[in-house]
Amino acid sequence: MPAAEVEFRVLGPVEAAVGGRAVDLGAPKQRAALALLVSQVGRPVSVDVMLEELWDGQPPPSAMTSLHAYVANLRRVLEPDRAPRKPATLLRTRGRGYLLDGRAAEVDARRFGERATAGWQALDRGDLRRALSAFEEGLALWRGQAYAEVADAAQVAPERVRLEELRLSATEGRCAALVAVGAHEVAVSELAAFTRAHPLREYGCELLGLALYRAGRQADALAVLRTHHRRMAQELGIDPSPSLQHLEGEILRQAPELG
């Protein structure tokens with residue numbers, strides 16, 4: 001099976017496409033089983049873990065039979081051309097568990113990570129249009145909460161947290177590129193919403209202050225930085241980062257390099 005023939009989308013409710021066409025993943029628990037496997041793509045997930053996560057720690061006596069049925073159904077849907085009794089190549093049995101072979105499928109979470117990395121690399125070398133394009137391509141893959149069907153599963157939590165942090169970082173990267181290409185008003189609008197939702201993220205605050213200053217709103221820029229300073233002191237008992245303090249000083253003296 002070619003690597004790109006099956007695609008999984010987990011940056012939101014789980015979806016799958018085979019040969020470019022969406023497939024029906026079945027009942028909620030069957031969808032949750034697939035989401036759990038995709039979250040660990042390339043690594044085996046034990047039956048015990050799947051039973052624990054899918055039935056919230058209280059699997060009924062019929063749970064094992066149901067799990068086997070879910071896997072069999074998923075195999076039929078994801079490998080529709082597989083001959084009867086021929087071993088599965090995508091959703092494999094591995095010991096007392098199952099493994100989703102990452103070599104046989106594309107996963108939007110992995111593609112998002114690649115786009116985010118490409119965006120930061122382009123930004124670092126000053127290729128601003130390329131950076132903006134890469135960040136936007138990656139962020140466009142998000143449709144909601146990652147691994148929505150198993151968002152509370154302990155097995156999935158580290159990957160979900162990693163992806164959310166990467167999403168926030170990519171959002172900041174996109175806004176940094178917007179500021180750098182001179183789209184200050186667009187950046188201000190997006191960063192104002194971002195910092196309201198994530199008030200302790202210092203890079204977002206720094207970008208908002210810079211975007212406001214470059215948009216000719218020096219007083220607003222200083223107000224943002226000083227509000228952040230008070231919040232850090234009151235909520236965390238710490239000072240803002242040196243880069244934020246430096247930006248405030250540069251804005252106060254209207255440093256030419258800020259333009």
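**Close-up views of the predicted model**

**View 1. The β2–β3 hairpin.** Strand β2 and strand β3 (residues 21-22) pair in the antiparallel sense over two bridges. The model shown here, and in each view that follows, is predicted. Within this pairing, Val 18 is placed opposite Arg 21 in β3. The two strands form a hairpin in which two residues lie between them, and Gly 19, located in the turn, has a positive phi of about 60°.

**View 2. The β1–β2 hairpin.** Strands β1 and β2 run antiparallel and are joined by four bridges, and within the pairing Arg 9 is found opposite Glu 15 in β2. This hairpin has five residues between its strands, and its turn includes Gly 12, for which phi is positive at about 140°.

**View 3. The open sheet that contains both hairpins.** Four strands make up an open sheet in the order β3-β2-β1-β7, and the pairing in this sheet is mixed. Its edge strands are β3 and β7 (106-107), each of which pairs on one side only. The parallel part of the sheet is the junction of β1 with β7, where two bridges join the strands and Glu 7 stands opposite Glu 106 in β7.

**View 4. The surroundings of Glu 7.** Glu 7 lies in strand β1 (residues 6-9), and this residue counts as buried because its relative accessible area is 18%, where the limit for that class is under 20%. The side chain of Glu 7 makes a polar contact with that of Arg 9 at 3.4 Å. When residues up to four places away in sequence are not counted, Glu 7 touches Glu 15, Ala 16, Ala 17, Glu 106 and Arg 111.

**View 5. Salt bridges made by Glu 15.** The side chain of Glu 15 meets that of Arg 9 in a salt bridge with an N to O distance of 3.4 Å, and Glu 15 also forms a salt bridge with Arg 143, for which the closest N and O atoms are 3.3 Å apart. The pair of Arg 143 and Glu 15 links distant parts of the chain, since Arg 143 belongs to the loop between α5 (128-139) and α6 (157-180) whereas Glu 15 belongs to strand β2 (residues 15-18), with 128 residues separating the two. The three side chains can also be described by their accessibility: Glu 15 is partly exposed, with a relative accessible area of 31%, Arg 9 is partly exposed at 23%, and Arg 143 is partly exposed at 34%.

**View 6. A salt bridge between Glu 250 and Arg 253, and a network elsewhere.** The side chains of Glu 250 and Arg 253 meet in a salt bridge with an N to O distance of 2.7 Å. Which of the two partners is buried, and which is partly exposed? Glu 250 is buried, because its relative accessibility is 8%, whereas Arg 253, at 49%, counts as partly exposed. Elsewhere, salt bridges that share partners join Glu 7, Arg 9, Glu 15, Arg 111 and Arg 143 into one network. The count for the model comes to 20 salt bridges.

**View 7. The open sheet of β4, β6 and β5.** Three strands form an open sheet in the order β4-β6-β5, with antiparallel pairing. At the edges stand β4 (45-46) and β5 (91-93), each having a single partner strand, so one side of each is left without a neighbour in the sheet. Strand β5 runs antiparallel to strand β6 (residues 97-100), and three bridges join them. Thr 93 has Tyr 98, in β6, as its bridge partner.

**View 8. A nonpolar surface patch.** Leu 200, Leu 236 and Ile 238 make a nonpolar patch of about 240 Å² on the surface. One of these residues, Ile 238, is placed in the loop between α9 (218-236) and α10 (242-252). Ile 238 is partly exposed, with a relative accessible area of 40%, and the patch criterion asks for over 30%.

How values were computed:
Residues numbered from 1 in each chain as written. Predicted model: local features only at pLDDT ≥ 70, side-chain atom pairs only at ≥ 80, totals over all residues. Heavy atoms only, no water. Salt bridge = Lys/Arg side-chain N within 4 Å of Asp/Glu carboxyl O. Buried < 20%, exposed > 50% of the residue type's maximum accessible area, 1.4 Å probe, protein only. Patch = residues over 30% accessible without salt bridge, like charges linked within 9 Å, V, L, I, M, F, W, Y side chains within 5 Å. Areas by Shrake-Rupley, 256 points an atom, 1.4 Å probe, with all protein chains shown as cover. Polar contact = N/O pair within 3.5 Å; in protein donor to acceptor, adjacent residues only side chain to side chain. Contact = heavy atoms within 4.5 Å. Pairing = 2+ DSSP bridges.
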